[in-house]
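User: Please take me through the packing in this model, setting each value against the definition behind it.

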Amino acid sequence: MNRLTRWLSQGLFALSLALASSALAQQPLRIGFGMSLTGPLAGNGKAALIAMQIWAEDVNTKGGILGRKVELIYYDDQTSPSTVPSIYTKLLDVDKVDLIVSGYGTNVIAPAMPIAMQRNMMFMGLFGLNVNSRFNYDRYFQIMPAGPEPAVGWTQGFFDAAMTLNPKPQTVALVGADAEYPAMALEGARAHVKRLGLKVVYDKTYPPNTVDFSPIVRAIQATNPDLVYVGSYPPDSAGMVRAVNEVGLKAKVFGGGMVGTQFAALKTQLGPLLNGVVNYELYAPELSSKFPFLDAFIGRYQSRAAQQGVDPLGYYLPPYAYAMMQVIEQSIKAVGSLDQAKLADYMHKTEFDTFVGKVRFGKNGEWAASRIMMVQYHGIAGNDVDQWKKPGKVTVLYPREYATGELKAPYYENKQ
Amino acid sequence: MDFSTALVLNAIIAGLLLGGFYAAVSVGISISFGMLDVVNIAHPAFIILGSYIAYIVNDRMGLDPIVVSVVLSPLFFAFGMLLYRIYYLCFEKRGQESLRGLAFFFGILFITEVLLLLVFGVDYRMVQTRYSETTWRLGVVDFPLRLAVPFLVSVVMVVSVQLLLTHSFFGRAVLAVAQDQLALRLMGVNPVKIKERAFALSIATAGVAGAFLIVIQPVQPAIGREFIGLVFAVCVLGGMGSIWGTLLGAFVLGLAESFTSTFFGPSWSPAVSFGLLLATLALKPAGLLGR
């Protein structure tokens, strides 16, 4: 009798273990993050969220990862760095997420880093600029293709494209907002100015709440620069482009690091004023043959974006938000577990195949090589958004392997 | 005329045009804060509300945003009356207007922003007008109509407010409220009604200023916060409760910003502007035209 009881109890214990492990396998794989759904960068945050939700649906349709459905747990960080630490603490301690990724942008990635480091979590950043330069965290990765030296990689295309002009430019004006991103962009620009031996005739910053940019443009015009590099946020980008057209800037090349012209809002609002401007982009319909999966994804994104009132084009952030999740998906599948050290180790060693092409990370977690595209706008007529959905409005100047034409200068003669 | 003269002349014009816009966004605060002692920290939110209403009418019907804002200003006036009535009943009547009233207007600021976010989304919005891409040139001086048209309408609006306040019974009653409410009561006038209408007038000017803003630059729901410091600075620099002072203070700050941007570097402009404010208050504590 005693033996029978022991067998029965052992059998029940084994059954309960099996049931428990089965129940664990059925639990969703939870990925947590903060995202800017309100505040100044909410437009980007919402667009990124749509892309990540599309990815989760795609993965779950294929049966999930490691046999577990994926669930995204996210909170609104209000585009405020102060909200970020509490969000990630809650995600890890209360929601018990399996993985964390960042929200959009440097300002909300940096405050999440100490928490990721304390918990030894692999941490994937969405469009942070050089965040890891101070942390040196070996489990940090970042999906924006700015390269191992983000400030330098971000600005390289503008200067390399400008230096193809004959005669070569001699002087440059640098201007940007008193804020984190423009400071980084201007730092990168100064490195190229030094490398190329250009003479800086204007190097100044302006307060982020500047309303009228015409005095700044006139001061730049007075120095008669060949190149004008601008690092700005959307309202300043619009103000700067308008002021340049009002004053009649006589530079050979104008633009570079203006945030905003990548999105439908400023593309349509500025319309023909963008003709001749050289600025960075991450995707253009001209390159659809190089990224065969992006057209279908962007089509799906655009149908949802229209309903949610966010960027109706989705060329800038959404493809990379999706690619970020693809990197994580491929890593977990290859490693076969959620071991954070093994995931980070695998990500350092592997080249990933994503919607935005091949992605390989360098030692600091940034892309191993920069791939920020520099384009020149042309032929824009009116303010219709549909003209941007097909090829013909931009010439890709950089990188050379994606180039679709040559830089046309001077800027003021190409405003058509 | 040499090049530096052209720079100086353009800096003067740019400063005046910018000052005209600053006057429009600040005149409402000069009424509510300067005259009525109501710390309406939500004033910039009503400016953004005005921007979005102008945007939606411009987008759907193609009407000029500034014309739309003037036509719809009675709506803002009515909204201002309602808001003051709530503020009066909940806070001022109970003598709790100082800190709790401030919290009330902070709340209104956030609620307005969130409502705009929910209705219009998070993208930057801008309007298309026939004049926004036109610049008139007079010799070496540029007059971008994107700034010149708001400037002209702003000056007309501010002068009209001043005339209303000095040449009408209502205006004199508002000035009386600012000085001695008890005396006004003894004259048989209800100061609450006067304050209600004066506050409503300040909200109406915010609606019109919102149209100016969206003509000048793209807006998103949270952009109004950037103007909180500016509007109070203009109000205090000009002299609390002085409409002419507000206009003068706005021109001073506009010119200071324009000259600093042109000749010394734009990053110095806030320091110069607020340095001027401090210097003025040190020499003339009541502000430029304050009593």
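Analyst: What follows treats a helix pair, a core and the chain contact in turn. This is a predicted model, in which local features need pLDDT of at least 70 and side-chain atom pairs count only at pLDDT 80 or more, while totals for chains, interfaces and linings use all residues. Residues are numbered from 1 along each chain as its sequence is written, and chains are lettered from A and ligands numbered from 1 in the order in which they are written.

User: Why are α6(B) and α9(B) called roughly antiparallel?

Analyst: Helix α6 (residues 145-166) of chain B and α9(B) pack at an angle of about 170°, with their axes 9 Å apart. Angles run from 0 to 180 degrees between N-to-C directions, and axes are lines fitted to C-alpha atoms, for helices over the stretch in contact. Angles over 145 degrees count as roughly antiparallel, under 35 as roughly parallel, 65 to 115 as roughly perpendicular and the rest as oblique; the pair is therefore roughly antiparallel.

User: How do you know that the largest nonpolar core lies between domain 1 and domain 2 of chain A?

Analyst: Domain 1 (27-147 + 293-360) and domain 2 (150-289 + 371-413) of chain A both give residues to this core, so it lies between them, with the bounds coming from an automatic or database domain assignment. The core has 234 residues, and helix α9 (residues 191-216) of chain B gives the most to it, with 16 residues.

User: Which residues of chain A are in contact with Met324(A), leaving aside neighbours within four places in sequence?

Analyst: They are Val101(A), Met124(A), Leu126(A) and Ile143(A), where contact requires C-beta atoms, placed from the backbone, within 7 Å. Between the chains, 36 residues of chain A are in contact with 35 residues of chain B.

Note on methods: Contact = placed C-beta atoms within 7 Å. Core = buried A, V, L, I, M, F, W, Y, C linked by C-beta atoms within 7 Å. Buried ≥ 20, exposed ≤ 12 C-beta atoms within 10 Å, placed from the backbone. Helix = DSSP H or I, 4+ residues; strand = E, 2+ residues; numbered from the N terminus.
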